[in-house]
Each structure stands twice: as structure tokens, then as C-alpha cells.
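Please open the model in your viewer with a cartoon representation, and keep a selection panel at hand. The tour moves from the whole chain to particular elements, and each stop says what to select and what is to be found there.

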Amino acid sequence: MSDAQTGLLTELLVEQAGHQWGQKIGASEVRSWLRSLPQLLSDLIDAGLGEVEVLLEHRLPHSPKRVDVILCGVHPRTGAASYVLVELKQWTKAELIAAELVSVAAYTNPVLHPAAQVRAYCQYLVDATPALADGHGSVFGIAYLHNAHAADIPTLLQYQPSDYGQLFTMDDRGAMVDRLRAVLAVDSDRDHARAAADEFLGFHHAPSKALLTLAAKEIQDREQFVLLDEQRVAYQMVVQAVASARAARTQTVIVVLGGPGSGKSVIALSLLGQLARQGRTVHHATGSKAFTQTMRRVAGTSNKRVQDLFKYFNNYVGAEPRALDVIICDEAHRVRETSANRWTSAAKRALARRQIEELIDAALVPVFLLDEDQIVRPGEMGSLTEIGAAATAAGCDLEVIRLTGQFRCGGSEAFDTWVARLLGLHQQPPIAWSDLISGSDDDFRVTSAASPTALESWLTTQQDEEGGTARIAAGYCWRWSDPIDTPDGRRLVDDVVIGEWRRPWNAREGKRVPDVPISDFWASDDRGFGQVGCVYTAQGFEYDWAGVIFGPDFVRRGDRWEARQQFSHDPAVKRADPLHFMALIRNTYKVLLTRGMQGTCVYSTDPETQEFLERMAF
């Protein structure tokens with residue numbers, strides 16, 4: 001306790017956090033520790049809970065989110081391990097503005113109700129920890145606004161409490177102490193508390209729920225995904241905008257910005273399921289045939305009504321204005337200039353406008369979920385600037401939510417940083433993986449392979465020993481042949497040839513081959529391993545183990561990357577101007593690198609680039 005009061009504990013936290021997270025700790029976070037931790041620790045001692053083990057800034061499994069405090073002890077009634085997650089807030093005033101959304105003067109945008117925040121943390125932790133899900137230990141959650149009087153946050157107190165989420169203020173200190181004593185034994189033996197903490201730190205964590213596995217239940221049954229922090233804020237903002245749109249006769253455009261694995265598609269499916277269950281008119285739309293077809297197949301199964309909820313961006317030519325309550329535009333970076341193409345009839349071509357305008361006009365609340373660094377084809381123009389300008393021109397309100405963190409790639413923020421630095425998307429230079437995670441507990445795996453054979457072998461080993469799914473993807477640097485008919489039947493052509501290693505691309509669209517998934521299902525069908533995917537079949541999907549082959553279209557020369565159009569076999573991309581080509585290829589490899597949930601292995605056909613990757617993936 002004395003260490004907390006003198007600031008020594010905070011100094012230790014800063015040192016350890018910098019060591020564990022590999023980054024400098026901001027002044028605001030240091031101030032939070034100085035102002036909040038002494039108060040909580042003092043309350044614990046006064047409550048007779050001085051022997052409980054206290055974990056500070058504990059990262060949730062496979063997630064970038066950290067819990068302020070986890071108290072580890074034993075339950076006074078059962079004697080079993082008991083864990084209390086604590087969310088600390090320094091707020092003095094706050095107001096509930098809608099459902100779980102709170103307005104706080106210090107923040108520009110709404111934030112999540114702190115009880116809802118810790119409630120989601122508890123649910124997420126249990127879902128991702130088989131031992132806790134099976135009852136080996138109890139989990140509870142509280143939010144403590146230690147600087148706030150109840151009279152200054154009256155609307156926040158309306159939140160329905162639960163075991164996972166109860167709110168306390170400085171006026172409720174006695175009630176908070178009673179709650180803690182009810183779930184943590186007073187004056188318990190320190191060894192028991194330490195054993196509970198050791199058990200907690202040693203828990204095995206299963207990968208978070210896969211997007212496609214739960215899609216069917218999400219759409220047809222009930223909410224399956226646990227949304228955290230900004231994800232929940234985005235979800236609630238859409239729900240609130242829908243509720244008020246018709247009454248207020250206003251149209252609100254919502255843009256959700258986030259990198260790979262930040263939870264955009266989970267938000268989209270959660271919204272689709274909730275709004276559909278409410279009887280709202282809602283569509284999920286993308287510009288990706290593979291993603292839409294997979295959603296129809298997995299989420300819709302044999303239910304035609306559910307399948308009809310999944311559309312394409314170009315389905316809204318000539319649509320009746322605001323016929324829908326909500327249109328959820330997932331992968332919105334793939335929005336194009338126009339919906340017209342070579343197959344568009346003359347009648348519809350005459351009606352076609354800018355695709356962004358069509359999508360905005362289609363619903364009272366158009367929602368765009370996008371990552372501007374995933375634009376990989378000429379003509380793709382989904383960006384905050386373009387959407388914001390179109391919303392303003394249409395007289396719509398505009399709300400922007402920015403997602404942070406990385407929920408794919410094992411929740412590894414370090415890997416997110418490593419990829420950005422590797423590809424030159426970050427202001428800092430590339431860094432070796434081992435240097436970036438030195439001393440941390442990051443369990444995402446990054447490695448290189450000396451050959452495509454070694455890369456494939458590594459993936460096979462991971463599947464056999466660790467389980468999960470694996471895929472090989474590559475830059476579009478080899479011709480892509482139609483399947484051929486042989487005396488033994490139709491088969492794919494081994495177009496991707498690197499030395500003696502030969503593998504086919506995944507099946508071309510519309511070209512069926514026995515025992516080979518069609519292109520739309522390459523990433524989600526177990527038979528996809530053994531074929532090489534490209535960015536168009538990988539984008540929007542995830543698998544456990546990712547193998548990425550850098551082709552000669554993107555090579556390292558000295559301290560910079562070179563994009564070489566002459567080696568591209570992508571008919572659309574190779575016609576881009578050189579500067580645009582560089583951006584598209586860089587984004588392509590970012591997409592390919594960020595598909596894995598547990599690990600990524602890299603290889604380059606170019607010797608100098610291979611040597612660079614070997615140093616960076618070490």
C-alpha cells in the first residue's frame with residue numbers, strides 16, 4: 001500500500017509495462033494509475049482483503065484489451081477460486097445518453113457504460129477460457145467510479161446490475177466492500193490467494209469464437225459474439241440511430257474505421273442478427289463475392305430468407321430511397337465508383353449513379369465498416385473522405401467510430417505493429433519480431449521459411465500438432481489457368497511454380513473441379529489447403545495458420561521496397577499508374593499477412609527480400 005501512495009508502484013508499472021508491451025507509456029495512463037490504484041488498494045485493506053492477489057493491467061486472451069485490476073482469492077462460501085475484474089474510472093460527472101452509451105465531458109465521442117464494459121470483459125474471459133467456462137473458478141465484475149458522487153451520475157445508476165457488472169461510486173463504498181466480501185474470503189490465507197492467482201495465470205486459452213462458425217446462430221438465434229469497448233459503442237450507436245431515425249426523420253451515416261482483426265465483421269453480424277430479430281428491415285452488403293457467398297452458405301444454411309439478407313454493393317441500382325432501416329456495408333473499402341459493369345443491362349446502366357450515393361440512399365441508417373489500408377484494386381474508393389463528402393452532399397448526419405486493437409492474430413498488437421513497420425506503413429523502420437516482443441508474453445508466432453516446401457511443411461506441422469486451419473496465399477505473380485481435362489478427370493493446373501515446388505491457384509470463379517472448393521469457399525472449406533489463394537479469396541476471412549509467399553512484384557532493395565508491375569499477373573492492378581500500384585501491392589501483402597489467428601510464416605522468391613524477411617521474422 002505504501003508503494004502505491006508514494007508512487008513507487010506506478011514507477012514499477014511503467015517499467016514493467018514498457019518491458020512487456022514494448023512501447024512508451026503515455027502520461028495520461030500514468031496519471032490514472034497514480035490517482036486510482038491507491039484508492040482501490042486502501043479500500044481492499046479496510047475491507048479485510050489485504051491478502052488477495054492483485055493483477056494489474058492484465059491483457060485479455062487473444063485481445064488487445066486490458067483489465068485495470070483482477071483480484072484473485074477464494075470464495076467465502078465454496079472455497080473455490082474467485083476472481084473479480086475491476087474497471088476503474090476517475091470520472092466526476094457522466095450522463096447516460098442511450099442504452100449503454102455514456103457522455104463524459106473529457107471525451108469527444110460517447111463511451112461505453114463502465115458496468116457494461118467490465119461485464120463484457122467477464123463474458124469474454126469466460127468464453128475464451130475453457131476452465132472458467134467449465135466452472136473451475138467464479139468470475140465477477142465491478143466498475144468503481146471512486147471520484148464520482150451518485151448525484152452527479154444519476155442516469156448511470158439505471159444500468160441493471162449483474163454478477164459480471166455492478167457500478168459503485170464514492171458514495172457506495174460500503175456497498176462495494178460488502179460485494180467484495182461476498183465473493184472474496186476476508187482474511188484468507190495468502191497462500192490460497194496466491195494459488196488462485198497462479199492458476200489464473202496458467203489457464204489455457206482457446207482461440208476466440210471463429211466468425212463463420214457462429215454466424216448461423218448469430219443471425220437466426222441470439223447474440224453470440226462478445227463486443228468490447230469501441231466495438232460495443234459502434235453497435236449501440238447504430239441501434240440508437242435506427243431507433244430514432246423514423247421519429248426524427250433524419251438520416252445518419254455511420255462509418256466504423258478499423259484495421260484487420262479489429263472486429264468490423266463481428267459488429268456487422270451482431271447488428272444484422274439483432275436488427276433482424278427486432279423486425280427491422282436490414283441488409284448486409286459487401287463488394288466481395290467470396291465473402292457474401294460464404295455468409296449465405298454458413299449463416300443462411302438452407303434458409304432462403306436468411307440468405308436474402310446478404311447482398312452486393314451493386315444490388316442497389318435504382319432502389320427505392322430509404323426502403324431499408326439499415327444497410328450494413330462490410331468491407332466498405334471495396335466500394336467502387338459505379339455499380340455498372342459489363343454485365344449491367346442498358347436500362348439499369350441508365351439508372352446507375354455513384355455507388356456510395358446509392359448505398360447511402362438505400363437506408364435510413366447506412367453503416368460503412370472499412371479499413372483504408374485494404375484497398376487492393378483500382379477503382380476501389382471506400383474511404384472516410386469519400387463517404388463523408390457523399391453524406392454531407394446528401395444532407396445526412398455523420399458519425400465516425402474508430403476501432404483500436406487487434407482481435408485476429410492472437411490479439412497481438414505487436415504483430416499489427418510488426419506488419420505495419422515491415423511494409424513501410426508505419427513511421428518507424430522495420431524491426432525484427434524477436435526484438436519487438438523481447439520480454440513480453442505475446443504468444444503469436446512469426447517465422448520465415450527457406451523455401452515454399454518448408455513453408456508448407458511448417459503449416460502442416462501446426463495443423464497436426466496444434467490443430468486449426470492453414471492456408472497458403474501469395475502475390476498474384478503467376479498466370480492463372482483454367483482447369484484441364486485429363487484421362488483421370490478434371491484437375492487444376494500447377495501454375496505457381498517455384499523451383500521444384502508446384503501448386504495450383506484455388507479454382508477460378510465458375511470453373512468447378514471435383515474435390516476442390518469453388519473460389520468463394522477456398523478460405524473456409526477444409527479442402528482449400530494445398531491450393532494457393534490470392535488476396536481476392538483471402539480478404540475478409542481468417543484461418544489459424546497463414547503462409548505468405550512474397551512474389552517478385554514486391555521486393556526489398558536496400559532500405560526500401562520496390563513494386564514491380566512487370567511481374568504482376570493481375571489484369572486490373574498492373575494497369576495502375578506506378579504510384580498507385582505501389583500502394584495497392586503494399587496493401588495486398590498487408591491483407592495476406594493479417595489473416596492468421598495463431599501464426600504466420602513468410603517466404604520470398606527474391607533472394608534479397610528473403611534475406612530481409614529472415615532477419616525480420618527471427
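What follows is a walk through a predicted model, stop by stop.

**The whole chain**

Begin with everything selected and coloured by secondary structure: the protein chain holds 21 helices and 25 strands. If you then colour by accessibility, buried residues account for 55% of the 618 residues in the protein chain. A contact map of the protein chain would add that, among contacts between residues at least 6 apart in sequence, 71% join residues at least 24 apart.

**The mixed sheet**

Select β1, β2, β3, β7 and β8, which form an open sheet of five strands in the order β1-β2-β3-β7-β8, with mixed pairing. At the edges you will find β1 (53-59) and β8 (166-169); each has a single partner strand, so one side of each is left without a neighbour in the sheet. Looking along the sheet, neighbouring strands are turned by 30° against each other on average, with direction ignored.

Now narrow the selection to β1 and to β2 (residues 66-74), two strands that run antiparallel and are joined by six bridges. A residue pair to show here is Glu53 with Cys72, its bridge partner in β2. Next add helix α7 (residues 190-201), which packs on the sheet and touches β1, β2 and β3, its direction making about 15° with that of β1. Then add helix α6 (residues 173-183), which lies across β2, β3 (81-89), β7 (138-145) and β8 and runs at about 165° to β7.

**The parallel sheet**

Clear the selection and take up β11, β10, β12, β13, β9 and β14, six strands that form an open sheet in the order β11-β10-β12-β13-β9-β14, with parallel pairing. Its edge strands are β11 (310-312) and β14, each of which pairs on one side only. Neighbouring strands of this sheet are turned by 20° against each other on average, direction again ignored.

Two helices belong in the view with this sheet. Helix α9 (residues 230-248) lies across β9, β12, β13 and β14, running at about 165° to β13, while helix α11 (residues 289-298) packs on the sheet where it touches β10 (282-286) and β11, its direction making about 165° with that of β11.

**Strands β9 and β13 in detail**

Stay in the parallel sheet and show side chains on β9 (residues 252-257). How many of the residues of β9 are buried? The count is six of its six residues, and the strand is described as mostly covered. Thr252, Ile254 and Val256 point one way from β9, Val253, Val255 and Leu257 point the other way, and all are buried.

On one partner, β13, the four bridges to β9 are in the parallel sense, and two pairs can be picked out for display: Ile254 stands opposite Val367, and Val256 stands opposite Leu369. With the other partner, β14 (residues 397-402), β9 also runs parallel, joined by six bridges, and here Leu257 stands opposite Arg402.

Moving to β13 (residues 363-370), you will find that strand mostly covered as well, with eight of its eight residues buried. β13 runs parallel to β12 (residues 324-329), to which five bridges join it, and Leu324 has Ala363 in β13 as its bridge partner.

**The largest cavity**

If your viewer can draw internal spaces, turn that on now: a search of the whole structure finds three cavities of 30 Å³ or more, and the largest cavity contains about 70 Å³ of space. To see its walls, select Val376, Gly475, Tyr476, Val535, Tyr536, Asp553, Ser568, Asp570, Val573, Ile585 and Thr588, the residues that line the largest cavity. The elements that give two or more residues to this lining are α19 (535-538) and α20 (578-593). Coloured by chemical class, the lining divides into six nonpolar, three polar and two charged residues.

**A last stop at Gln566**

Finish by centring on Gln566, in the loop between β24 (560-563) and α20. Is Gln566 buried or exposed? Its relative accessible area is 58%, and because the cut-off for exposed is over 50%, Gln566 counts as exposed. For a distance to draw, take Gln566 to Pro552: the two are 14 residues apart in sequence and 9.1 Å apart in space, C-alpha to C-alpha.

Key. Residues are numbered from 1 along each chain as its sequence is written. This is a predicted model: local features need pLDDT of at least 70, side-chain atom pairs count only at pLDDT 80 or more; totals for chains, interfaces and linings use all residues. Side-chain values use heavy atoms; hydrogens and water are left out. Two strands pair if DSSP finds at least two bridges between them. Axes are lines fitted to C-alpha atoms, for helices over the stretch in contact, and angles run from 0 to 180 degrees between N-to-C directions. Contact means heavy atoms within 4.5 Å. Buried means under 20% relative accessible area, exposed over 50%, partly exposed in between (1.4 Å probe, protein chains only). On a 1 Å grid over the protein atoms alone, a cavity is a set of points where a 1.4 Å probe fits but cannot get out, and a pocket is an open set with protein on both sides within 12 Å along at least five of seven lines; lining residues have an atom within 4 Å of a point. Grid points are joined across faces, edges and corners, and a volume is the space filled by probe spheres set on the points. Ala, Val, Leu, Ile, Met, Phe, Trp, Tyr, Cys and Pro count as nonpolar, Asp, Glu, Lys and Arg as charged, and the others, Gly among them, as polar.
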